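Colleague: Please take a close look at one chain of this assembly, and describe how its strands and helices are put together and where it touches a neighbouring chain.

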Amino acid sequence: MEKKQYERPHIIKLEAGMPGKFGMRSESLPVTHIDGVSVKELTTNFGSPLFVLSERTIRSVYRKALKSFSTRYPKVQFAWSYKTNYLTAVCKIYHQEGSWAEVVSGFEYDKAIANGVDPARIIFNGPGKSADDLRKAANGGSLIHIDHLDELYTLTDLAGELPRKPLVAIRVNMDTGIYPMWDRFGFNYENGQAWDAINKIMMAGKLELVGLHTHIGTFILSAGAYGVAAGKLADLALGIRQKFGHDIRYIDMGGGFASKNTLKGSYLPGSDTNPTFDDYAEAITSALVNSGFRPDNLPLLILETGRALIDEAGYIISTVIANKRLSSGRRATIIDAGVNLLFTSFWYQHPITPAQGFSQYREDNTLYGPLCMNIDCIRESANLPLLNKGDRIVIHYTGAYNLTQWMQFITLRPNVVLIDEDSKPHVVRENEMLSTINGPEKTPPHLA
Amino acid sequence: MKINENLAISDNGFLFNPTTGESYTVNPIGAEIIEMLKSGETQERIISRLLDMYDTDKKTLEKDLHDFSDILKQYQLLSEDE
Amino acid sequence: MNKPVLNIGVTGLNAIDSPGPGVAVIRGLREAASFDVRIIGFAYESMEPGIYMHDLVDRTYQIPYPSAGTDVLLSRLEYIQSRENLHVIIPNFDAELYSFIKLEDKLMQMGIHMFLPTQAQFEERHKVNLSDFGKKYGLDVPLGKAIYDSSEIFGLQNEFDFPMMIKGKWYDAYIAYNMEQARTYFNKISAKWGLPVVIQRFIHGTEYNVTGLGDGNGNTIAAVPMRKQFITDKGKAWAGISIDDKKLLSITRQFVRETKWRGAFELEMMKTNDNIYYLMEINPRIPAWVYLAVGVGQNIPEALTRLALGKETPAFESYEVGKLFIRYSYDMIVDRTEFEKISINGEL
């Protein structure tokens with residue numbers, strides 16, 4: 001006699017307010033393949049946990065975003081935000097698609113150069129540029145976005161010894177009606193700091209002011225705030241034209257667009273409610289088009305969006321290590337991917353799906369990572385099928401920030417695989433080994 | 001181990017405890033285990049019968065049955081022998 | 001003459017002490033002069049009383065909570081549609097409206113009509129945006145601010161004064177008389193309904209409500225004002241009376257004309273001692289007391305159904321003033337097997 005497929009015994013009390021199986025969440029539906037490659041095959045060949053990136057999704061989301069803006073505005077340029085994900089393979093896809101590079105440190109600047117990016121197409125942001133960084137970027141003709149007066153003075157001093165006039169923009173912070181207002185970066189609009197910095201640059205004549213930059217915050221759920229910001233930058237640009245007869249070349253709206261992830265504490269899922277590229281594009285481009293720019297003299301619109309471009313393209317495949325019950329009787333599942341790999345689980349409810357078929361029975365679960373650390377919790381509550389040791393799950397929307405902010409804490413970081421457009425997986429970063437960690441260490445002779 | 005004998009399980013996995021008025025849903029293997037408990041089967045016997053029916057191993061079954069019994073106890077459907 | 005039979009899906013079957021509007025809507029539909037109905041109930045939980053009212057609801061299906069997202073809801077509705085051939089759906093919960101508005105085109109392709117506010121109308125009237133809304137349309141609204149952190153309340157003390165209203169994005173409202181309470185309510189509400197939480201100036205006065213229907217072109221099809229006569233400890237009307245207040249009706253028509261409101265609505269108004277009418281809240285749906293409107297001559301559920309189907313729907317000219325609704329509760333006897341069926345199969 002053929003034996004029946006095993007499922008562990010399960011009983012649950014019916015309580016008022018408890019969702020029935022028809023109240024089930026979308027994440028219950030299994031995701032067995034990513035871009036046509038089976039999850040099982042991926043873990044067999046590349047191990048678990050495993051980071052997976054979809055080239056198909058990276059390119060299609062990028063094209064969708066570009067289309068949203070370029071159908072509304074004549075001159076649009078994206079610059080890939082390196083800090084969001086600076087794996088070489090990822091950066092090169094964006095550069096192939098036509099993205100410039102947006103970097104925030106000397107390290108990232110060198111990475112962009114190593115990736116073959118024309119220095120004139122590198123935007124250098126951030127509050128922490130050293131004099132060497134500034135010299136390097138100015139020499140290369142990169143676009144330096146000045147964050148504070150000290151940087152402005154340093155660069156003005158350096159300008160004398162440089163063969164060419166540094167190309168600069170200033171970063172402007174402002175009230176766009178959103179909370180929290182980011183005022184720690186750049187010069188404030190409302191209190192006149194920004195206008196003052198512009199005047200200093202124009203009067204000194206040592207630097208060439210080519211653009212204006214803002215970055216109003218992160219995971220901004222109100223597209224309208226970008227309209228306000230674009231309007232304020234346009235006002236500054238027109239002020240410069242009026243006072244100095246000088247046209248800036250571009251307006252850089254920074255990043256901060258929300259991805260499809262759901263913020264903790266949200267009632268409706270982010271994939272339904274978060275603004276789309278069209279929403280952001282409509283707000284920004286209408287503000288620019290409706291401002292005082294002459295139609296034949298519109299500045300280039302630069303966008304540094306990172307998260308919204310790549311979050312969807314990233315997955316973590318993880319394996320169930322153990323099942324247990326907490327003292328309350330609540331089900332807890334331990335998986336082999338923790339907050340060391342999934343930093344963003346501190347603020348998102350990442351969607352989680354099983355990677356194999358299941359019956360309709362579900363239970364509420366707390367998902368813990370493998371670290372011996374109390375904060376290592378991936379989801380406080382997820383309604384999942386009856387998982388067994390060895391079962392695989394897929395964690396979604398993990399493409400942004402996790403591959404730059406992951407921690408090497410008590411364990412080694414796993415393989416990262418890119419699935420190309422022909423559904424062929426490639427390792428784009430090898431799993432770490434003991435030598436990766438021990439290599440740079442030096443042991444004093446008396447301890448050797 | 002002693003299971004509440006009044007428990008009524010319907011074919012679709014709805015379990016009603018007439019003593020307490022609580023209702024539960026139970027999956028097919030869970031219902032089979034409860035039926036076996038009601039007919040007085042021992043733990044060993046339950047495991048061996050389930051091994052004949054399901055594609056799994058003894059260790060997994062022992063662990064899962066133990067966990068299931070704990071939950072039945074927590075729900076006060078099952079009590080230790082006096 | 002044979003009346004057509006329409007299959008209509010209705011949510012909000014929770015006729016409990018803080019009731020959903022579904023059962024009242026269904027009573028209106030059953031009394032419609034221009035059509036007969038087969039009612040398909042949509043329930044979230046297996047104890048919603050409407051599920052078991054077989055003289056009102058022909059069949060009930062459980063549907064997923066809004067928090068599950070529109071994809072899951074759509075696939076459930078596709079299944080229901082394959083069996084029930086729905087002509088119209090009337091959603092009755094604030095929290096589910098967002099999803100139904102998003103799905104309007106897709107449902108239309110499946111042959112299901114709805115008559116809902118537009119996405120823009122839905123967002124604009126939101127508690128969180130009420131202050132701007134008032135300015136834009138020239139309506140008096142209480143000062144309000146959406147906050148994201150309980151510490152912000154300190155900074156707002158002078159502007160708002162105690163007592164102040166603390167309101168959730170979707171549901172729940174509390175009156176806070178001191179900082180301690182304000183912070184407690186903030187935490188309570190944000191835990192349940194997320195951020196932001198709305199702080200609103202407390203307005204002293206008498207509460208009036210208007211339920212109505214806009215045709216989407218600025219015309220008011222129905223409008224019935226009501227004064228609550230008896231209020232439960234949850235602040236819900238247990239009894240109310242239809243009134244003739246020209247000012248309330250004119251504010252209602254102004255609201256519909258200016259916003260080109262599409263669909264049913266309930267305006268919560270507060271009339272102060274110096275005769276200023278503050279618009280406290282706009283509910284973008286039929287209220288639970290809608291059967292009073294039906295009873296005084298304005299069958300809003302019927303008119304809404306006609307508008308959804310694109311049928312000509314003349315505006316109601318009048319209603320009977322001075323009629324009361326008095327709500328009562330009623331114990332049904334239900335066999336366990338019915339509860340079992342809806343719990344296990346999600347259908348009854």
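Modeller: The account below follows chain C from its parallel sheet to its contact with another chain. The model is a predicted one, and the description should be read accordingly.

I begin with the parallel sheet. Four strands of chain C form an open sheet in the order β3-β2-β1-β4, with parallel pairing. The edge positions belong to β3 (59–62) and β4; each has a single partner strand, so one side of each is left without a neighbour in the sheet. On average, and with direction ignored, neighbouring strands of this sheet are turned by 25 degrees against each other. Within the sheet, six bridges join β1(C) to β2(C) in the parallel sense. One residue pair gives a point of reference for this register: Gly9(C) has Ile40(C) in β2(C) as its bridge partner.

Two helices of chain C may be placed relative to these strands. Helix α2(C), residues 70–84, lies across β1, β2, β3 and β4 of chain C, and its direction makes about 160 degrees with that of β3(C). Helix α1(C), residues 22–30, is described here by its burial, for which the cut-off is under 20% relative accessible area. Seven of its nine residues are buried, so α1(C) is largely enclosed by the rest of the structure. The buried residues are Gly22(C), Val23(C), Ala24(C), Val25(C), Ile26(C), Gly28(C) and Leu29(C). Their cover includes three strands of chain C, namely β1 (5–10), β2 (36–43) and β4 (88–90), together with the helices α10 (290–295) and α11 (300–308) of that chain.

Further along the chain, strand β12(C), residues 262–271, invites a similar reading. Eight of its ten residues are buried, so β12(C) too is largely enclosed by the rest of the structure. Here the pairing is antiparallel: ten bridges link β12(C) to β9(C), residues 206–215. Gly212(C) is one residue to inspect there, with Phe265(C) in β12(C) as its bridge partner. Strand β12(C) also pairs with β13(C), residues 277–283, in the antiparallel sense and over six bridges. In that pairing, Glu281(C) of β13(C) stands opposite Glu268(C). The hairpin of β12(C) and β13(C) has five residues between the strands, and Asn275(C) in this hairpin takes a positive phi near 65 degrees.

The contact with a neighbouring chain involves helix α12(C), residues 336–345. This helix lies across β2, β3 and β4 of chain B and runs at about 140 degrees to β3(B). Those strands belong to an open sheet of four, ordered β2(A)-β4(B)-β3(B)-β2(B) and paired antiparallel. At its edges stand β2(A), residues 11–13, and β2(B), residues 8–9; each has a single partner strand, so one side of each is left without a neighbour in the sheet. Helix α1(B), residues 28–38, also packs on this sheet, touching β2(A) as well as β2, β3 and β4 (22–26) of chain B, and its direction makes about 120 degrees with that of β4(B). Inside the sheet, β2(B) and β3(B), residues 14–17, run antiparallel and are joined by two bridges. There, Ile9(B) is found opposite Leu15(B) of β3(B).

In summary, chain C contains an open parallel sheet of four strands and a largely enclosed strand, β12(C), while its helix α12(C) lies across strands of chain B.

Terms used:
Residues are numbered from 1 along each chain as its sequence is written. Chains are lettered from A and ligands numbered from 1 in the order in which they are written. This is a predicted model: local features need pLDDT of at least 70, side-chain atom pairs count only at pLDDT 80 or more; totals for chains, interfaces and linings use all residues. Side-chain values use heavy atoms; hydrogens and water are left out. Buried means under 20% relative accessible area, exposed over 50%, partly exposed in between (1.4 Å probe, protein chains only). Two strands pair if DSSP finds at least two bridges between them. Contact means heavy atoms within 4.5 Å. Axes are lines fitted to C-alpha atoms, for helices over the stretch in contact, and angles run from 0 to 180 degrees between N-to-C directions.
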